[in-house]
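Biologist: Hi, could you walk me through this protein? I'd like to start with a pair of side chains and work outwards from there.

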Amino acid sequence: MTASLDQPEIRAYLDLQRPQVTAERLREAFDQPRIITEVLRACLPYFGVRHRAAHADVLRGRLMQTRDRCRVTLFLPLALVTILGWWAAGLPWWAGLAVLAATVGYYGSRELRNPDGRDNLLAQLQTAVLSVQWAACALDSEVRLARWATRTLKPVIAPIMQREMTRLLGPDYESLFVARSHEGLVDAGNARYWVSTRTEAALQQKLDQMNGGAIAICGPRGVGKSTLLRKACQGMLDRWPQWHFHVVVQTPANYRPEEFLLSLFQSVCRNYLTLYGRRPRAPFLFRSRARTAHRSRRLYHSARQWALLLSGLGLVVVAIQREVRDLVDVAYRSAHPFVSQWAAGSWQWAVSTWHEHPVLTRVVLCAVGLVLLWRADVKSWFTRRPVRRLVHDCHNYLHLLQRIQTVGSSTSLGASGGGLTLGIGRTSGSTSRTFTYPELVWEFRSLLTRISAIERKDNWKVFIGIDELDRLGSTEQARAFLAEIKAIFDVPRVYFILSVSEDVGASFIRRGLPTRDVIDSSLEDVIVIEPRTLSESGALLQTRVPGFTDPFVALVHALSGGVPRDLIRYTRKVTEIQLRTQQPGLATLARELLWEEAAQALSGFRVLLAQHEDSARSAQTVHDLHTLISLIRGADLTRANPELEQRLLQLTLTSHPLHTDDTEPADELAQRWEEFSCYLHFIGTLLEVFARRNFAARKAAYTGPTKPNADLQRLAEARLEMTVSPHSTRQILEQFRSHWALRPTTIAPAAPRTAPPHPGLLLPGNHVTVPDGRRP
């Protein structure tokens with residue numbers, strides 16, 4: 001029980017210091033016969049331990065009864081002492097047997113003369129046997145009991161203890177933030193926190209059906225394209241890791257195709273040299289050479305360090321030389337005879353075995369020699385020649401791609417006679433040039449083909465990952481990039497994995513239409529990564545933050561839309577708020593998080609309005625936004641604030657406050673206002689769902705298999721829909737609000753163009769009508 005209370009998942013709830021859940025209350029609950037019976041019945045090894053302990057008790061009772069019938073004599077103790085002396089003295093077997101027979105025969109003849117002596121001897125023998133049996137059974141029972149208590153009982157008690165804590169805490173058990181570890185949030189890129197999805201299985205199936213080519217991974221930003229690309233290149237898509245030669249490069253925002261291919265060429269050469277434990281060789285011209293001016297300074301520092309090191313070692317040696325010499329002498333005197341005797345005995349045994357068993361020893365030596373030959377891998381001396389040649393070529397390619405080499409030679413011929421000198425001189429030189437783009441493509445394809453042919457013999461694959469293609473800016477730039485480098489995609493048995501934007505993926509999906517472009521001819525297939533579902537987000541967060549319960553998962557999943565990067569970001573925020581406020585409740589943490597998000601959104605839109613060329617007309621709006629931000633930051637967020645929520649609701653449903661002429665900036669600002677008000681509408685809905693009490697009861701009442709529009713997944717879908725259409729997002733939110741019995745909302749019709757020049761957010765003509773309704 002005490003060990004179970006110290007488990008992290010139990011201790012985390014006890015540290016909340018709730019009066020309902022304490023160590024004493026749990027001990028009282030577990031003292032009930034019902035809980036004790038349930039624990040023991042759920043633990044099957046307990047019955048084996050109990051049966052073994054009962055058998056030990058029976059043996060002990062029989063031993064006590066038999067011992068009471070025994071009379072102390074010298075027969076058995078003397079026999080035992082004789083056997084121990086035989087074993088300790090190292091007598092030959094025949095001598096020990098003679099001594100034992102004489103002793104036992106003499107005293108046995110005296111002991112077995114009368115019936116009482118024979119009965120006593122049988123009782124002593126039975127007592128000895130029962131003692132051994134009882135000792136063995138008791139020891140086995142203790143070992144089984146200890147194993148049952150330390151290994152089997154704790155996993156059985158933990159879920160029952162959690163169930164009892166749930167009963168003591170009430171229905172809001174899951175609405176408490178009790179995270180045991182945050183390491184998965186700190187080290188977000190660690191591979192041990194990766195959670196497999198169906199997309200990985202689909203990508204692995206496509207790779208198994210291909211013999212090379214290019215596959216693109218598309219999806220919204222932060223959905224995990226780079227993570228999936230690295231897993232595919234590192235061979236971690238399957239259950240068991242696969243060995244791949246891989247290179248992953250990042251696409252620059254501004255590039256020239258030849259520069260990118262030149263960088264990729266060098267990365268392949270470096271990684272291949274690293275694979276075989278080599279480093280790029282630098283020519284003599286580029287090796288670091290110390291200048292004459294700095295040579296004396298370096299010599300001074302090195303001489304000073306060596307002098308300090310040698311002086312320190314010398315002083316230590318002088319101080320401990322006597323003790324070390326004595327220790328060495330003692331060790332030598334004690335170990336030398338034993339080592340010499342052991343070595344001589346081993347050599348004598350080996351020589352005698354060689355002569356006495358010539359066939360067996362020769363077979364053993366032959367087998368050992370064959371094993372050593374097999375481990376030497378003589379075949380690789382001939383098969384690895386292409387590898388060594390390829391490694392040498394990678395060195396040469398690096399020199400050609402990184403440096404311009406110049407070779408010169410001169411020849412002179414002369415003759416002199418008297419005052420006349422005649423000479424002929426000739427000077428020639430050659431300078432290497434960089435590859436042209438077609439030559440660069442051909443050389444790169446040739447290198448990849450050779451690497452793939454060699455690594456394929458060991459069942460390895462070659463993967464080239466090109467990440468961050470969605471940073472190029474536009475779909476046209478991505479098309480131009482693919483058009484320039486697609487010539488390298490059709491190398492046999494080489495797989496190219498690219499991460500692209502959603503627009504590029506949509507262009508490939510439209511390949512069946514009459515219009516065809518370079519994307520269709522460049523890519524073999526496109527894998528679309530969808531945002532995580534609510535259950536997948538729960539699995540991801542449970543791996544990274546153990547103890548992150550379902551209500552908190554639903555909150556951060558709705559805010560992030562299921563995008564893993566935002567999912568981890570909002571989980572970090574929840575953790576920071578909990579550490580700052582020391583409040584574990586869902587309502588308090590959700591209120592802090594959502595009002596913080598609302599304040600940041602208001603502040604960002606204020607900056608956008610201030611940068612508008614018609615900033616004088618938006619002065620009242622900017623001021624009203626500032627007032628609302630001040631109210632949010634000054635409010636007590638540990639409890640509900642209906643007045644502040646009403647202000648946010650009015651702002652959410654306000655039509656565009658700037659009614660100007662039909663100009664393009666005003667239309668752009670109106671679109672931004674629609675997106676902004678839709679996001680605040682979304683935040684307000686989350687406040688009414690998560691920042692209220694009794695979340696578990698409300699969820700059980702409003703959701704169910706027959707109410708798909710009330711599922712919490714719809715909030716994440718609404719968050720993703722904002723990037724497409726704010727009006728469609730409002731419809732999703734209104735459907736969700738109606739199923740959760742939240743306050744219905746309607747948008748007031750747009751004000752006429754003749755509205756006052758300085759409308760405020762809450763001024764007449766801009767406010768909204770909110771139908772009467774009650775909060776649930």
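Modeller: Happy to. Asp490 is a good place to begin: it counts as exposed, with a relative accessible area of 51%. Keep in mind that this is a predicted model.

Biologist: Which side chain does Asp490 meet in a salt bridge?

Modeller: That of Arg445, with N and O 2.3 Å apart. Arg445 is partly exposed, at a relative accessible area of 26%.

Biologist: And how many residues apart in sequence are the parts that this pair ties together?

Modeller: They are 45 residues apart. Arg445 belongs to helix α17 (residues 437-455), while Asp490 sits in the loop between α18 (475-485) and β6 (494-500), so the bridge ties those two parts together.

Biologist: Let's stay on α17 for a moment. What span should its 19 residues have at 1.5 Å a residue?

Modeller: The expected span is 27 Å, and the end C-alpha atoms of α17 are 27 Å apart, so the two agree.

Biologist: Which residues of α17 are buried?

Modeller: They are Leu440, Val441, Glu443, Phe444, Leu447, Leu448, Ile451, Ser452, Ile454 and Glu455. One thing helps when reading such a list: an α-helix has 3.6 residues a turn, so residues three or four places apart point the same way.

Biologist: Good to know. Which residue in the loop between α17 and β5 (461-467) should I look at?

Modeller: Try Asn459, which is placed in that loop. Asn459 is not a glycine, yet its phi is positive, at about 60 degrees. Its relative accessibility is 69%, so Asn459 counts as exposed.

Biologist: What about phi of Arg493?

Modeller: Arg493 also isn't a glycine, and its phi is positive, near 60 degrees. You'll find Arg493 in the loop between α18 and β6. With a relative accessible area of 25%, Arg493 is partly exposed.

Biologist: Back to charges. How many salt bridges does the structure hold?

Modeller: There are 16. One of them joins Glu597 and Lys573, whose closest N and O atoms are 2.6 Å apart. That pair links distant parts of the chain, with Glu597 in helix α24 (residues 586-610) and Lys573 in helix α23 (residues 564-581), 24 residues apart.

Biologist: Are Glu597 and Lys573 buried or exposed?

Modeller: Both are buried.

Biologist: Which residue forms a salt bridge with Arg639?

Modeller: Asp636 does, with 3.5 Å between the closest N and O atoms. Arg639 counts as exposed at 53% relative accessibility, and Asp636 is partly exposed with a relative accessible area of 39%.

Biologist: Which residues are linked in a network of salt bridges?

Modeller: Arg52, Asp140 and Arg144 are linked that way.

Biologist: Changing topic: which residues touch the most other members of the largest nonpolar core?

Modeller: Phe682 and Phe690 do, in a core of 66 residues. Leaving out residues up to four places away in sequence, Phe690 touches Pro551, Ala554, Leu555, Leu586, Ala587, Ala590, Phe695, Leu712 and Leu715. Another core, of 49 residues, lies apart from this one, and its members include Val247, Leu390, Leu472 and Leu498.

Biologist: And on the outside, which residues form a nonpolar patch?

Modeller: Trp306, Leu309, Leu310 and Leu313 do, with about 450 Å² of accessible area together. Leu309 is part of helix α13 (residues 292-356). Leu309 has 45% relative accessibility, so it counts as partly exposed.

Biologist: One more residue, Ser226. Why does it count as buried?

Modeller: Because its relative accessibility is 19%, and the cut-off for buried is under 20%. Ser226 is in helix α11 (residues 225-233). Setting aside neighbours within four places in sequence, Ser226 is in contact with Asp467 and Glu468.

Biologist: Let's finish with the whole protein. How many helices and strands does it have?

Modeller: It has 30 helices and seven strands. Of its 776 residues, 38% are buried. The accessible surface is about 45700 Å², with 57% belonging to carbon and sulfur atoms.

Biologist: And what share of the contacts between residues at least 6 apart in sequence join residues at least 24 apart?

Modeller: The share is 76%.

Technical notes. Residues numbered from 1 in each chain as written. Predicted model: local features only at pLDDT ≥ 70, side-chain atom pairs only at ≥ 80, totals over all residues. Heavy atoms only, no water. Core = buried A, V, L, I, M, F, W, Y, C linked by side-chain atoms within 4.5 Å. Buried < 20%, exposed > 50% of the residue type's maximum accessible area, 1.4 Å probe, protein only. Contact = heavy atoms within 4.5 Å. Patch = residues over 30% accessible without salt bridge, like charges linked within 9 Å, V, L, I, M, F, W, Y side chains within 5 Å. Areas by Shrake-Rupley, 256 points an atom, 1.4 Å probe, with all protein chains shown as cover. Salt bridge = Lys/Arg side-chain N within 4 Å of Asp/Glu carboxyl O. Helix = DSSP H or I, 4+ residues; strand = E, 2+ residues; numbered from the N terminus. Expected span 1.5 Å × (residues − 1).
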